[in-house]
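Biologist: I'd like to learn how to read a fold from the model itself. Could you walk me through it, one feature at a time?

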Amino acid sequence: HSNTAPANLNSTVPLTIAENQSVGTFVGEFNATDPDVNATLTYHLVSGVGDGNNSLFTLQSNGTLKTATTFDYERNASTYSIRVQAKDEHNATVEGNFTVTLTDVFDNQAPGAISIQFASLTENQPIGTVVGKLNAVDPEAGVVRYALINGSGSSGNQFFTVDPTGVLRTAVVFD
């Protein structure tokens with residue numbers, strides 16, 4: 001009796017994963033068809049063209065693809081290439097390349113590393129004299145707005161103003 005190789009290897013859903021999910025998160029399911037009656041198919045990640053990111057995933061023999069790492073959209077690539085094989089019980093195979101897409105989750109991390117590009121502060125200058133420019137880095141590359149606030153270390157706020165872009169100016173004439 002002759003054996004026919006499996007065919008039509010596909011994912012049952014688009015292969016996407018949201019960032020910051022735990023290891024073992026479900027990504028998708030693979031299936032293939034085999035014209036042979038009662039064929040038993042198993043699924044594997046295999047070496048070959050397009051296998052560049054196989055190590056970041058696990059594929060159960062039933063075709064369930066899961067993550068093997070935690071992905072971070074801001075620090076990692078947004079697409080990953082894997083090579084999948086469906087094999088019947090007589091070792092006839094079909095292989096295919098698939099792309100897994102990482103999606104961004106808005107995680108709104110606080111800006112960090114605030115600094116000031118200091119100009120100078122000389123006495124007897126008019127109110128509104130530029131003292132310097134504040135600068136902070138936002139991990140999501142968003143727009144950072146600046147304001148003077150009350151709290152620990154705010155006792156000198158009354159002597160200055162800051163605009164939303166971070167320009168720090170005098171609010172009094174220093175003597």
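Biologist: Let's start with the open sheet of 4 strands that has antiparallel pairing: what is its strand order?

Modeller: Keep in mind that this is a predicted model. To read a sheet, list its strands side by side. Here the order is β9-β10-β12-β11, and the pairing is antiparallel. At the edges sit β9 (112-118) and β11 (160-162), each pairing on one side only. From one strand to the next, the twist averages 25°.

Biologist: How many bridges join β9 to β10?

Modeller: There are 5 bridges between β9 and β10, which run antiparallel. For a register mark, take Ile116, whose bridge partner in β10 is Leu134. On its other pairing, β10 (residues 130-137) is joined to β12 (residues 167-170) by 3 bridges, again antiparallel. There, Lys133 has Val167 in β12 as its bridge partner.

Biologist: Is β9 largely in the open or buried?

Modeller: For that, you count buried residues along the strand. β9 has 7 residues and the number buried is 0, so β9 lies largely in the open.

Biologist: On to the open sheet with mixed pairing: in what order do its 4 strands come?

Modeller: That order is β2-β8-β7-β4. β2 and β4 (42-45) are at the edges with a single partner strand each, so one side of each has no neighbour in the sheet. The twist here averages 30° from one strand to the next.

Biologist: Which strands pair in the parallel sense?

Modeller: Strand β2 (residues 16-18) and β8 do, over 3 bridges. You can find the spot by looking for Ala18, which stands opposite Thr103 in β8. β7 and β8, on the other hand, pair in the antiparallel sense, over 9 bridges. Two handy register marks are Val84 opposite Gly96 in β8 and Ser81 opposite Thr99 in β8.

Biologist: How many residues lie between β7 and β8 in their hairpin?

Modeller: The hairpin has 5 residues between the two strands, and in the turn Asn91 has a positive phi of about 70°.

Biologist: Which side chains of β8 point to the buried face?

Modeller: Look for alternation along the strand. Val94, Gly96, Phe98, Val100 and Leu102 point to one face of β8 and are buried. Thr93, Glu95, Asn97, Thr99, Thr101 and Thr103 point to the other face and are not buried.

Biologist: And which residues of the largest nonpolar core touch the most other members?

Modeller: In that core of 20 residues, the ones to pick out are Leu9, Phe30, Tyr43, Phe57, Leu65, Ile82 and Val100. Two or more residues come from each of β3 (26-33), β5 (57-59), β7 (79-87) and β8 (93-103). Apart from this core lies another, of 7 residues, including Leu134, Ala136, Tyr146 and Val162.

Biologist: What does Val100 touch, leaving out residues up to four places away in sequence?

Modeller: Among its contacts are Leu15, Ile17, Val27, Phe57, Leu65 and Ile82. Val100 also touches Ser78, Thr79 and Tyr80.

Biologist: Now a polar residue: is Gln85 buried or exposed?

Modeller: Gln85 is in strand β7. Buried means under 20% relative accessible area. Gln85 has 11% relative accessibility, so it counts as buried. Its side chain makes a polar contact with the side chain of Glu95, at 2.9 Å. Beyond neighbours up to four places away in sequence, Gln85 touches residues including Leu9, Tyr43, His44 and Val94.

Biologist: Last feature: how is a pair of aromatic rings described?

Modeller: You give the distance of the centres and the angle of the planes. The count here comes to 6 aromatic pairs. For Phe159 and Phe174, the ring centres are 6.1 Å apart and the planes are at 55°, so this pair is tilted. The pair links distant parts of the chain, with Phe159 in the loop between β10 and β11 and Phe174 in the segment after β12, 15 residues apart. Phe160 and Phe174 also form a tilted pair, 5.6 Å centre to centre with 35° between the planes. Phe160 is in strand β11, 14 residues apart from Phe174.

Biologist: Which residues do ring pairs link into a cluster?

Modeller: Those are Phe57, Phe71 and Tyr80.

Methods
Residues numbered from 1 in each chain as written. Predicted model: local features only at pLDDT ≥ 70, side-chain atom pairs only at ≥ 80, totals over all residues. Heavy atoms only, no water. Core = buried A, V, L, I, M, F, W, Y, C linked by side-chain atoms within 4.5 Å. Buried < 20%, exposed > 50% of the residue type's maximum accessible area, 1.4 Å probe, protein only. Contact = heavy atoms within 4.5 Å. Pairing = 2+ DSSP bridges. Axes fitted to C-alpha atoms, helices over the stretch in contact; angles between N-to-C directions. Polar contact = N/O pair within 3.5 Å; in protein donor to acceptor, adjacent residues only side chain to side chain. Phe/Tyr/Trp six-rings, centres within 6.5 Å; stacked < 30°, edge-to-face > 60°.
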